[in-house]
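Hello,

Here is the structure I promised to hand over. My notes on it follow below.

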Amino acid sequence: MRGRSLLLANASILVTMDDARREIRDGAVLVVDQRIEAVGSSADLAGKGDETIDLSGYLVCPGLVNTHHHFYQTLTRAVPAAQDAELFDWLRTLYPIWARLTPEMARISALTAMAELMRPGRTTSSHHLSLYPNGVRLGDTCDAAGEIGMRFHETRGAMSLGESRGGLPPDSLVEAESAILADMERVIDAYHDPSRYAMRRVALAPCSPFSVTRDLMREAAVLARTRGVRLHTHLAENDNDIAFTREQFGCTPAEYCEELGWLGADVWHAHCVKLDAPGISRFGATGTGVAHCPSSNMRLASGVAPIRKMRDAGVKVGLGVDGSASNDGSHMLGEARQALLLQRAAGNPAAISAREVLEIATLGGASVLGRDDIGALAPGMAADLVGFRLDDLGFAGALHDPVAALIFCAPTHATFSMINGRVVIRDGTLTTIELPALVERHNRLAATLIDV
């Protein structure tokens, strides 16, 4: 039975990211319930919707897909003692603060991070909840995603290798591996939806080589494949990360992954800044994905991930803003611009184009998360799309190529956004939550967390 139909019409330019990569002038999208039924010119689709929304003067594109984040870190932005630290010292500084996280803090920080992501045009996000002190549970963030209306991939993170056993995190923040695996089973049953257009999915995500054992990595991989969910972790983030893997396990990060069953089309790794040439080749051959987090990598002086080489080798690459204590912001368009500039910084101005970066931020992220129902505007895809007003100051002087300007120019915010057929941003205002009250509560919780 056909449901409610909505015609989004008169877009100045519609960037489809479909198989033909069409950019349609005066474009339109016909939405029925949560799916796209037709895409074309406004003249061709005129009169076909029960209701019409006029997007004259807008650039419309698929919703952006964020493939790596730690929402709770919005509570610890720009902490003075961690401002000038590399990865390991940064973590050692912040672990004691994060150990005071509460369930309310997890929920409010998740709402804050998701609101910040949605405003620049992100419609889908993954999240790596890697620590569970004081009764924090994965449901705290899943409930927040349902409240704000975001398409959400939660990952059941874990740390099991504390300082006393040679790991990086304090013993107070690690969990018993039997309890971790049992809870992974529970959250799959409670929260994972494998259906097309699912608003919530779950992946398993032991945190990193320096915070979990090889046994947990191996068992999590077996469990994920038994239950049909994906795998996610941090890998090869900086030189210390590489040194730890070599010293403790006698191998490279890619060899570590291969030994433990962590290569494949159902796996994606965050960062991979220091992934070597053989590792890139193995990732490409096995369909393994990478979440590229350029701002975080710069902030922590980790280096520049070789995204051009990865793409050329067939590696699936998406964008991630990473946690807001190592990026200090959650602006997907800003992240896309950084990805463009960093790949060119080595001296090749043609290393990557604006349209390729936009593809990474949409289709690339969808592929990394294992989705074939988001990332493009085409019949049968989920109705996730965003619109940017072309009379915004940031587009001034760039209307000869507004698609490239979306990436090249100063990052802007979406004025219109739809997720799963529901309008969540209208006239630049987030419609699903009261932002002033949220920010006030978030700031009070952050002060409590840091000033104990």
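**Helix packing and buried residues**

Helices α6 and α8 lie oblique to each other. Please keep in mind that this is a predicted model. The axes of α6 (residues 214–227) and α8 (residues 253–260) cross at roughly 55° and come within 9 Å. An angle of that size falls outside the range of 65 to 115 degrees that counts as roughly perpendicular, and it is not under 35 degrees either, so the pair is oblique.

On the α6 side, the contact is made by Arg214, Met217, Arg218 and Ala221. On the α8 side, Tyr256, Glu259 and Leu260 take part. By class, the contact residues are four nonpolar and three charged, with no polar ones.

**More on α8**

Which residues of α8 are buried? They are Pro253, Ala254, Tyr256, Cys257 and Leu260. Seen down the helix axis, they fall within an arc of 160°, so they line one face of α8. Their cover includes α6, β10 (230–235), α7 (239–249), β11 and α9 (277–286). Right after the helix comes Gly261, with a positive phi near 85°.

**Aromatic pairs**

How many aromatic pairs does the structure hold? There are eight. In one of them, Tyr95 and Trp98 have ring centres 6.2 Å apart and planes at 80°, so the pair is edge-to-face. Both belong to helix α2 (residues 87–98). They sit three residues apart, and therefore about one helical turn separates them. An α-helix has 3.6 residues a turn, so residues three or four places apart point the same way. Tyr95 is buried, at 4% relative accessible area. Trp98 is buried too, at 2%.

Phe244 and Phe249 make another edge-to-face pair, because their planes stand at 75°, with ring centres 6.1 Å apart. Phe244 and Phe249 are both buried. They also belong to one aromatic cluster with Phe88, Phe210 and Tyr256. Tyr256 is thus worth a second look: it is among the buried residues of α8, and it takes part in the contact with α6.

**His271**

His271 is in strand β11 (residues 267–271). Is it buried or exposed? His271 is buried, since its relative accessible area is 0% and the cut-off is under 20%. Leaving aside residues up to four places away in sequence, His271 touches His68, His234, Leu235, Glu237, Val290, Ala291, Cys293, Ser296, Asn297, Ala305 and Asp322. Strand β11 also appears above, as part of the cover over the buried residues of α8.

Best wishes

Terms used
Residues are numbered from 1 along each chain as its sequence is written. This is a predicted model: local features need pLDDT of at least 70, side-chain atom pairs count only at pLDDT 80 or more; totals for chains, interfaces and linings use all residues. Side-chain values use heavy atoms; hydrogens and water are left out. Axes are lines fitted to C-alpha atoms, for helices over the stretch in contact, and angles run from 0 to 180 degrees between N-to-C directions. Helices (H or I, at least four residues) and strands (E, at least two) are DSSP runs, numbered from the N terminus. Angles under 35 degrees count as roughly parallel, over 145 as roughly antiparallel, 65 to 115 as roughly perpendicular and the rest as oblique. Contact means heavy atoms within 4.5 Å. Ala, Val, Leu, Ile, Met, Phe, Trp, Tyr, Cys and Pro count as nonpolar, Asp, Glu, Lys and Arg as charged, and the others, Gly among them, as polar. Buried means under 20% relative accessible area, exposed over 50%, partly exposed in between (1.4 Å probe, protein chains only). The arc is that of the directions from the helix axis to the C-beta atoms. Rings of Phe, Tyr and Trp (its six-membered ring) pair if their centres lie within 6.5 Å; planes under 30 degrees apart count as stacked, over 60 as edge-to-face and the rest as tilted.
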